[in-house]
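Thank you all for making time this morning. I would like to walk through one model with you, starting from a sheet and moving outwards to single residues, so please keep the picture in view while I talk.

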Amino acid sequence: MKKALLMVVSALMVVTTACSSSDGKSSRNTATPTSVPAATSAGDASKEPITLSIVAKDLMGDDPGVQKLVKGIEEGMKAEGKNIKLKIVPVQSGTYSEKLGLLLQSGNIPDLIYFQGGDYQFAVTQKILEDLTPFIDKSTNVKASMNVYNQERMKNYPYLLWLSPPNSAVPVVRQDWFDKTASGKDLLANPTSDNYYTFFKDLKEKSGAKYAYTVAGTLDELDVMFGQSFGLTSTWIKGDDGKYAYGKTTQFEKDKLLFYAKLYKDGLLDPEFLTKKWDTKEKAFYDGQAAIMAGTQGKVIDIYNNKSMSQNGAAAKVMTLPPAKGKAQGYTPVDISKESRGFAIAKTSKNKEMAFALLEYMAGQKGQMLDKLGVEGDEYQIVNNKIKLTDKFAAWFPHFVESTVNFKPDKEFDPATPYFSEPASKSLQMFASMSTKDNSFVIPAELAAKWDAASAKYKEFAADLVTGKKSAADFDKFVQEWNAAGGKEMTEYANKTIK
């Protein structure tokens with residue numbers, strides 16, 4: 001969640017640029033807000049402040065950084081004529097989505113609610129979340145800070161607002177190791193799966209790594225590179241008969257898994273990929289056991305780059321690799337059915353207008369400077385009329401707006417302390433130029449159990465095929481089991497839902 005070169009901020013204005021969640025499309029609640037929004041209207045700063053209650057995963061009242069953020073928000077909004085007092089509502093320790101659900105079920109419903117899963121129950125089933133469309137339509141800053149994926153998701157599911165790049169991963173390799181290979185240039189010129197296989201073997205040999213690619217317990221992190229090249233251009237694939245089939249039950253998936261099995265057999269895929277966690281995956285990369293791993297474009301790639309150079313030297317900066325080219329080319333298609341996380345406004349709130357005014361302020365330049373950079377004199381300084389980040393900035397991260405689409409500081413960043421590193425900025429640009437929309441939809445509550453059961457069947461079979469416990473001959477039987485577990489009903493629903 002860290003650093004970017006101002007010289008590329010202008011490019012990032014057009015870049016779409018978060019942990020995801022439900023697939024699919026919901027029925028839209030079009031009820032008019034009880035308070036018609038005026039996102040930029042000013043309140044009377046001389047009156048007693050309006051108390052806004054807010055709950056969010058990373059907003060903890062006893063955190064000095066959060067206290068500083070809250071003070072900055074209150075003072076900044078008051079200067080614009082909106083006198084508020086932010087009240088942080090605590091959530092019990094544990095899984096955030098579960099503990100938040102218990103809080104809301106108890107009747108303690110804050111004005112502003114940050115969800116990270118579990119929102120569908122309250123938005124669609126219990127209908128206690130406000131449709132944000134009228135607020136956004138009247139906004140200036142929020143609207144300007146939305147990328148194309150934000151816009152599409154709000155059309156499909158207008159209850160969560162998360163001004164962030166898509167929480168999508170891109171693969172990276174150490175630049176010094178890439179430069180040692182003879183096949184690297186050919187790969188970039190023509191990144192087919194066959195050329196990637198050759199590059200992986202070359203990379204393993206020249207770098208001394210134990211294997212080329214590591215993932216954290218899921219093949220999804222391999223799919224970011226190879227999925228579309230095998231024809232998996234969306235979750236649901238339209239056949240010659242005009243009907244949709246789940247992509248992971250098609251010949252495209254079979255061919256992809258057999259390619260992964262080859263990587264595994266030839267020692268190019270981490271042999272412990274099924275049991276790797278995020279921390280052990282990253283450690284394997286930093287320690288030189290793995291040559292490639294995937295991470296979220298922008299913010300996470302910045303962290304990977306900084307840690308890699310810190311541990312292995314300046315030459316070990318990371319570079320983003322392109323997705324493989326075949327039947328198609330692109331990183332994993334982006335789910336536009338809904339935001340997987342974000343802020344909602346409660347229908348029970350008596351201060352809906354002011355609650356959205358807070359989001360509008362944070363999407364403006366003063367709000368973004370505070371949210372992204374911290375407080376002048378602490379997290380950054382103005383030196384020679386440039387923004388120079390201090391050591392304290394490393395502990396600061398945005399709570400409201402991660403996107404740089406509308407981030408336009410009035411001063412340049414000191415080249416020694418860019419907001420994003422060059423690799424992080426490059427990852428954003430590459431994803432923006434090679435990303436496509438998915439056709440996934442929100443899974444309705446009545447089919448959730450069947451979807452989970454069918455998904456479990458796929459994960460088990462995919463792992464067995466890649467590790468050699470199953471063969472291509474077992475694929476048809478897997479499809480039958482997937483359908484029996486609930487896939488048949490899901491496919492029927494998909495064909496009724498996808499337009």
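In this predicted model, let us begin with an open sheet of 4 strands, whose order is 2-1-3-10 and whose pairing is mixed. The two edges of this sheet are formed by strand 2, residues 84-88, and strand 10, residues 342-345, each of which pairs on one side only. If you look at how the neighbouring strands of this sheet lie against each other, the turn between them is 25 degrees on average, with direction ignored.

Within the sheet, strand 1, which covers residues 50-55, runs parallel to strand 2, and 5 bridges join the two. To place one of these pairings in the picture, find Thr51, whose bridge partner in strand 2 is Lys85.

Which helices lie across these strands? One of them is helix 3, residues 96-105, which lies across strand 1 and strand 3 and runs at about 150 degrees to strand 3, residues 112-115. Another is helix 15, residues 352-363, which lies across strand 1, strand 2, strand 3 and strand 10, and runs at about 65 degrees to strand 1.

Between helix 3 and strand 3 there is a loop, and Ile109 has its place there. Ile109 counts as partly exposed, because its relative accessibility is 22%, and buried would require a value under 20%. Leaving aside its neighbours within four places in sequence, Ile109 is in contact with Leu104, Ile128, Ala346 and Thr348. For a sense of distance across the model, Ile109 and Gly288 are 179 residues apart in sequence, and their C-alpha atoms are 48 Å apart in space.

Let me now turn to strand 4, residues 169-174. Is this strand mostly covered or mostly open? Strand 4 is mostly covered, with 5 of its 6 residues buried. Strand 4 pairs with strand 8, residues 290-296, in the antiparallel sense over 5 bridges, and strand 4 is also joined by 3 bridges to strand 9, residues 318-320, again running antiparallel. A residue that shows both pairings is Val173, which stands opposite Ile292 in strand 8 and has Met319 as its bridge partner in strand 9.

From strands we can move to a helix and the loop that follows. Phe259 is found in helix 12, and it counts as buried because its relative accessible area is 9%. Apart from its neighbours within four places in sequence, Phe259 is in contact with Ser193, Tyr197, Phe226 and Phe230. Of these, Tyr197 is 62 residues away from Phe259 in sequence, while the distance from C-alpha to C-alpha is 9.3 Å.

After helix 12, residues 251-265, the loop that leads to helix 13, residues 278-286, holds Asp270. Is Asp270 buried or exposed? Asp270 is buried, because its relative accessibility is 0%. A polar atom of the Asp270 side chain lies 2.8 Å from the backbone nitrogen of Glu272. Beyond its neighbours within four places in sequence, Asp270 is in contact with Tyr211, Tyr213, Thr214, Tyr264 and Lys276.

Two further loop residues deserve a careful look for their backbone angles. Most residues other than glycine have a negative phi. Lys127, in the loop between helix 4 and helix 5, has a positive phi, near 55 degrees. Asn384, in the loop between strand 11 and strand 12, also has a positive phi, near 55 degrees. Lys127 is partly exposed, with a relative accessible area of 47%, whereas Asn384 is exposed, with 71%.

Finally, let us step back to the chain as a whole. The protein chain has 19 helices and 12 strands. Its radius of gyration is 24 Å, close to the 23 Å that the globule rule gives for 499 residues, so the chain is as compact as a globular protein of that length. The C-alpha trace spans about 75 × 55 × 40 Å along its principal axes, and 56% of the 499 residues count as buried.

How confident is the predictor? The average pLDDT of the protein chain is 91, and 91% of the residues score at least 70. Over residues 1-42, however, the pLDDT is below 50, although this stretch has 157 contacts in the model beyond near neighbours in sequence. Where pLDDT is low, the predicted coordinates should not be read in detail.

Technical notes. Residues numbered from 1 in each chain as written. Predicted model: local features only at pLDDT ≥ 70, side-chain atom pairs only at ≥ 80, totals over all residues. Heavy atoms only, no water. Pairing = 2+ DSSP bridges. Axes fitted to C-alpha atoms, helices over the stretch in contact; angles between N-to-C directions. Contact = heavy atoms within 4.5 Å. pLDDT = per-residue confidence, 0-100. Buried < 20%, exposed > 50% of the residue type's maximum accessible area, 1.4 Å probe, protein only. Polar contact = N/O pair within 3.5 Å; in protein donor to acceptor, adjacent residues only side chain to side chain. Rg over C-alpha atoms; globule rule 2.2 N^0.38 Å.
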